[in-house]
Every structure is written in C-alpha cells, then in structure tokens.
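Please work through the exercises below with the sequence and the structure at hand. Each task is followed by a solution in steps.

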Amino acid sequence: MSGLFISFEGIDGAGKSTHIDATAKAFQAQGRVVTLTREPGGTPLAERLRQMVLNDSMDAMTEALLVFAARRDHVQQVIVPALARGDVVLCDRFSDATFAYQGGGRGFDWQVLQVLEQWVQGSGLGEAQALVKPDVTVWFDLPPAVAATRLAGARIPDKFESQPIAFFENVAAGYARRQAEDPQRFARINAHQTPDAVWRDVQGALRQAGHLRA
Ligand SMILES: Nc1ncnc2c1ncn2[C@@H]1O[C@H](COP(=O)(O)OP(=O)(O)OP(=O)(O)O)[C@@H](O)[C@H]1O
Ligand SMILES: Cc1cn([C@H]2C[C@H](O)[C@@H](COP(=O)(O)O)O2)c(=O)[nH]c1=O
C-alpha cells in the first residue's frame, strides 16, 4: 500500500487540532497505520528549533531558515520513512505555513521561499525532481477576527498568536496564494461553522479525493 501525506493548515485558532485526531481515527478504522506529526517539530532537533521560532525574537529570514532547517530533519527522519512504509502521515502544518506566515505575514520574499522549498523537500542538491509535499492540504479558512475570539483566554499566546489581526489577514492571503498556485492539492474548508459541520466537510473532502471510504 502506498503512503498518503495530508497536511492541515490555517491561521492560529482556525480549528486544525480539533479535527486531526478524528481524521486519524477515521483512517485507523479503515486499517491504515497513521503517523501523526507537526511542524515546526516532529523530531527532537526540530522540536528544539520550534521553541526558538515560537518564542525568540528574530527577523523574517532567520525565521524562514529555522523552519526550513526543522523541516529538513523532519522530512528525512519521519515523513519519508513513514510514507515508504505505507503510512498515512497527518501533519499539523507543513511548508504552506512558511509561505503564509513568513511570506504573507512577515513579507519575506516568495521566490526565495520557493528555492528553499526545492532544496529542503528535494534531494538537497538543487536538482529538479519530485518534491516531498502533501497529497492533500486541508485548509481551515476562518476570518482572523473569529479566530482571535476563539483563542482569547484559551491559553497564553506565543509569539505568533500575539500578532494583530492585520498580520493574520496577510497570513490568510498567503494561504490563498498557495492555493491558487496548486489548486488540486487544496481542500478549502469553511471553518466558520459548528465543529460537527466542519468535520462533515473535512470527511467529505477526503472522500471526494478518494482517500476515505464512506
Ligand atoms: N468550529 C468551532 N467552533 C467554535 N470553536 C471552535 C471550533 N473549532 C475549534 N474551536 C475552538 O477554538 C480553539 C482553537 O481550536 P484549535 O486548537 O483546534 O485550533 P488550531 O487551528 O489547532 O490552533 P493553533 O494552530 O493555534 O494550535 C479551541 O478552543 C477550540 O475548542
Ligand atoms: C510550520 C510553520 C509554523 N509557523 C507558525 C504558525 C503557528 O503560529 C506556529 C505553530 O504553532 P501551532 O500551535 O502548532 O499551530 O508556528 C510558522 O510561522 N512557519 C512555519 O513554517
């Protein structure tokens, strides 16, 4: 059986985490082995880099280089081996988040991010070849003002969660640009609904793509 790579994306508070466990259970009920992971993170080294990215002040290029360094380790150590075993890999954020947050949110150069993506998710030798990238990206699309209301008081905000709504408008624009560049890969979910309705749409999208049975 071949592996399947699904990423979950959206601005902070959009509702990704609420639905990733349910997605894992749905695949396990169909006899699939699931690898649940996240970015930045997923390996001991990448989790250490996560702490820096989420807590330390730095410029946009430093942030981009650290998240790609974490991704390189994660791809090599976890994602590629899991896909080779035939697992379903469910990843809470992947490279679209870098384009959305560092590209859209921070205004870092989109073309430089595309070069880094080729290097990090390819062979690392700069050769033109198939990238390690999600088969499906489930994008939880939620107005930033609604996400802010959901997060208010829920936990101590990290560096990104403390950003103003204007920042998240730019992050959302980054996600929209990524979707426009690769529309077949994206399942855009209206996350401004009840959790049950969002879950129905997530299942519907994965069924329509032929990955979940009814
Ligand atoms: N459809 C929904 N309607 C109302 N509240 C929701 C909905 N989905 C999730 N929530 C609540 O919103 C908050 C954020 O949800 P969740 O942690 O799943 O978001 P997230 O996208 O994973 O956020 P982050 O990326 O910041 O970790 C939680 O308190 C959760 O219970
Ligand atoms: C992968 C990735 C993530 N980020 C940001 C986005 C979030 O604010 C945090 C991760 O926190 P979460 O609770 O796991 O969603 O990191 C980023 O800026 N760039 C990235 O590439």
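The exercises concern a predicted model and treat its sheet and then its two ligand sites.

**Exercise 1. The sheet**

Task: Determine the order of the five strands in the open sheet, and state which strands stand at the edges.

Solution.
1. Read across the sheet, the strands follow the order E2-E3-E1-E4-E5, and their pairing is parallel.
2. Strand E2 (34-38) and strand E5 (186-190) each have a single partner strand, so one side of each is left without a neighbour in the sheet. These two are therefore the edge strands.
3. From one strand to the next, the twist averages 20°.

**Exercise 2. One strand pair and a helix**

Task: State how many bridges join strand E1 to strand E4, identify the partner of Phe 8 in E4, and find which strands helix H1 touches.

Solution.
1. Strand E1 comprises residues 4-10 and strand E4 residues 136-141; the two run parallel and are joined by five bridges.
2. Within this pairing, Phe 8 has Val 138 of E4 as its bridge partner.
3. Helix H1 (residues 16-28) packs on the sheet, where it touches E1, E2, strand E3 (88-92) and E4.
4. The direction of helix H1 makes about 175° with that of E3.

**Exercise 3. The surroundings of ligand 2**

Task: Identify the residues that come nearest to ligand 2, examine the polar contacts of Arg 50, Arg 71 and Thr 98, and state what share of the ligand is buried.

Solution.
1. Ligand 2 has 14 residues around it, of which Asp 12, Arg 50, Arg 93, Thr 98 and Gln 102 come nearest.
2. For Arg 50, a polar side-chain atom lies 3.0 Å from an oxygen atom of ligand 2.
3. The side chain of Arg 71 places an N or O atom 3.3 Å from an oxygen atom of ligand 2.
4. For the side chain of Thr 98, the corresponding distance to an oxygen atom of ligand 2 is 2.6 Å.
5. Ligand 2 taken alone exposes 480 Å², and the protein buries 94% of that.

**Exercise 4. The surroundings of ligand 1**

Task: Name the residues closest to ligand 1, trace the polar contacts of Ser 17, Arg 93 and Arg 150, and give the share of the ligand that the protein covers.

Solution.
1. Ligand 1 is surrounded by 14 residues, the closest being Gly 15, Ser 17, Thr 18, Arg 155 and Gln 193.
2. An N or O atom in the side chain of Ser 17 is 2.4 Å from an oxygen atom of ligand 1.
3. The side chain of Arg 93 has an N or O atom 3.1 Å from an oxygen atom of ligand 1.
4. Arg 150 has a polar side-chain atom 3.2 Å from a nitrogen atom of ligand 1.
5. On its own, ligand 1 has 630 Å² of accessible area, and the protein covers 73% of it.

Key. Residues are numbered from 1 along each chain as its sequence is written. Chains are lettered from A and ligands numbered from 1 in the order in which they are written. This is a predicted model: local features need pLDDT of at least 70, side-chain atom pairs count only at pLDDT 80 or more; totals for chains, interfaces and linings use all residues. Side-chain values use heavy atoms; hydrogens and water are left out. Two strands pair if DSSP finds at least two bridges between them. Helices (H or I, at least four residues) and strands (E, at least two) are DSSP runs, numbered from the N terminus. Axes are lines fitted to C-alpha atoms, for helices over the stretch in contact, and angles run from 0 to 180 degrees between N-to-C directions. Contact means heavy atoms within 4.5 Å. A residue is near a molecule or strand if one of its heavy atoms lies within 4 Å of it. A polar contact is a pair of N or O atoms within 3.5 Å; within protein, one must be able to donate a hydrogen and the other to accept it, and residues adjacent in sequence count only if both atoms are side-chain atoms. Accessible areas come from the Shrake-Rupley method with a 1.4 Å probe; for residues, only the protein chains shown count as cover.
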